[in-house]
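User: I am new to this structure and would like a close look at a single part. Please take one sheet with the parts packed around it, and then place it within the rest of the chain.

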Amino acid sequence: MGQQGDFLQVLRERGYAVDDLRQSINGSVPSGHIGITSGTTVFAIKYADGVLVAGDRRATAGNVVMYDRTDKVLELDRFSVLAIAGVPATAFEMARILEHSFKYYRRSQLQDLSFEGKLRALSTLLKNNAPAALAGTGTVAPVFAGYDQLEGCGKIFFYDILGAEFEAVEYAVSGSGSSTIRGILFYMNRWGNGPVAEMNEEDALTFVLRLMTSAAEFDSATGGVDAQAQLYPVVKRISAEGVRTIPAERLKSLFSEKVLNHV
């Protein structure tokens, strides 16, 4: 009788740190507890020329800022990236494994691993990490984005902590600032001047900076933009040409002209 109820209650009764698991994703921890370092707030959106993937630069441990120059948008190969929210130590190791796996396949088979193969590889790593995730010490909730060469289009997928994958039609968000960003994206697509997927690159990049600034306004774990310290989100563009990092100088110019001084 004691084990009847919802799934999360069963996990608690089995000794899993479900609440710690939620905190490691959201970047929060109760007062008096030692926090695990977490990376927060990443998202991917489709726009007219491909996919933009962005991540803030902050890593936190509870209410302590551990590092403000973290790269959470990791290039796996020339056509795919992994955006990480959760425990960086686990996520970085997953990214290294995937990068080497994709490289080995390309060199041994003389062709790139299929897009579906890349999705399965990430799903397998997340499934293997399930015990650590359920214990609250290795939670990762990533966003995977890439260009599917077979179908000739950019795609976005998001995962739960157990490895289940879901394809995003227009966007995917993860991390502690996700609720703010998701709300704005829903509003823009439903009642804005037009779908985000129809924006040109300049408008889409400006929108990305505005989204990250909005998330930082309402979430202390999100780094946002620090123009004085020259800290801007990491943003990568994915298209038929491959993965390209948007230069910080371009982000600086757009932020100054269309975010900071825009009325």
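Analyst: What follows starts with the whole chain, moves to one sheet and its core, and ends with the second sheet.

This is a predicted model. The protein chain holds eight helices and 13 strands. Of its 263 residues, 50% count as buried. Take the contacts in the chain with a separation of 6 or more: residues 24 or more positions apart account for 61% of them.

Now the sheet. Five strands make up an open sheet in the order 11-2-3-12-13, and the pairing is antiparallel. Its edge strands are strand 11, residues 171-174, and strand 13, residues 242-245. Each of these two pairs on one side only. On average, neighbouring strands of this sheet are turned by 20° against each other, direction ignored.

Look at one pairing in it. Strand 2 covers residues 42-47 and pairs with strand 11 in the antiparallel sense, over four bridges. Valine 42 has its bridge partner in strand 11, and that partner is serine 174. Helix 6, residues 178-191, packs on the sheet and touches both strand 2 and strand 11. The direction of helix 6 makes about 160° with that of strand 11.

Next, a residue of strand 2: phenylalanine 43. Is phenylalanine 43 buried or exposed? Its relative accessibility is 0%, so phenylalanine 43 counts as buried; the cut-off is under 20%. What does phenylalanine 43 touch, leaving out residues up to four places away in sequence? Its contacts are Leu52, Val53, Ala54, Ala172, Val173, Ile181, Val208, Leu211 and Met212. Alanine 83 is 40 residues from phenylalanine 43 in sequence, yet the two are 7.3 Å apart in space, C-alpha to C-alpha.

Phenylalanine 43 also leads into the core. The largest nonpolar core has 27 residues. Those with the most contacts inside it are Phe43, Ile45, Leu52, Leu185 and Val235. Several elements each supply at least two residues of this core: strand 2, strand 3 (50-55), strand 11, helix 6, helix 7 (201-218) and helix 8 (248-260). Which helix gives the largest share of this core? Helix 7 does, with eight residues.

Isoleucine 45 shows how these parts meet. Not counting residues up to four places away in sequence, isoleucine 45 touches Gly50, Val51, Leu52, Ile156, Glu170, Tyr171, Leu185, Val196, Ala204, Phe207 and Val208. Apart from the largest core lies another core, of 19 residues. Among its members are Leu119, Leu122, Leu125 and Tyr159.

Two helices that supply the largest core also meet each other. The axes of helix 7 and helix 8 come within 10 Å and cross at roughly 75°. That makes helix 7 roughly perpendicular to helix 8. From helix 7, the contact uses Glu201, Glu202, Asp203, Leu205, Thr206, Leu209, Arg210 and Thr213. From helix 8, it uses Arg250, Leu251, Leu254, Phe255, Lys258 and Val259. By class, this contact has six nonpolar, two polar and six charged residues.

Now place all this beside the second sheet. Here five strands form an open sheet in the order 6-7-8-9-10, with antiparallel pairing. Why is one side of strand 6 and of strand 10 left without a neighbour in the sheet? Strand 6 (73-77) and strand 10 (165-168) stand at the edges, and each has a single partner strand, so one side of each stays without a neighbour. Neighbouring strands here are turned by 25° against each other on average, direction ignored.

Inside this sheet, strand 7, residues 80-83, runs antiparallel to strand 8, residues 143-148, and four bridges join them. Serine 80 has glycine 146 of strand 8 as its bridge partner. Helix 3, residues 88-109, lies across strand 6 and strand 7 and runs at about 20° to strand 6. Helix 4 packs on the sheet too, touching strand 6, strand 7, strand 8, strand 9 (153-159) and strand 10. The direction of helix 4 makes about 165° with that of strand 8.

One residue of helix 4 deserves a stop. Lysine 118 lies in this helix, which spans residues 115-128. At 3% relative accessibility, lysine 118 counts as buried, because the cut-off is under 20%. Beyond residues up to four places away in sequence, lysine 118 touches Asp77, Phe79, Ser80, Phe102, Leu113 and Phe144.

Methods: Residues numbered from 1 in each chain as written. Predicted model: local features only at pLDDT ≥ 70, side-chain atom pairs only at ≥ 80, totals over all residues. Heavy atoms only, no water. Pairing = 2+ DSSP bridges. Axes fitted to C-alpha atoms, helices over the stretch in contact; angles between N-to-C directions. Contact = heavy atoms within 4.5 Å. Buried < 20%, exposed > 50% of the residue type's maximum accessible area, 1.4 Å probe, protein only. Core = buried A, V, L, I, M, F, W, Y, C linked by side-chain atoms within 4.5 Å. Parallel < 35°, antiparallel > 145°, perpendicular 65-115°, else oblique. Nonpolar A, V, L, I, M, F, W, Y, C, P; charged D, E, K, R; others polar.
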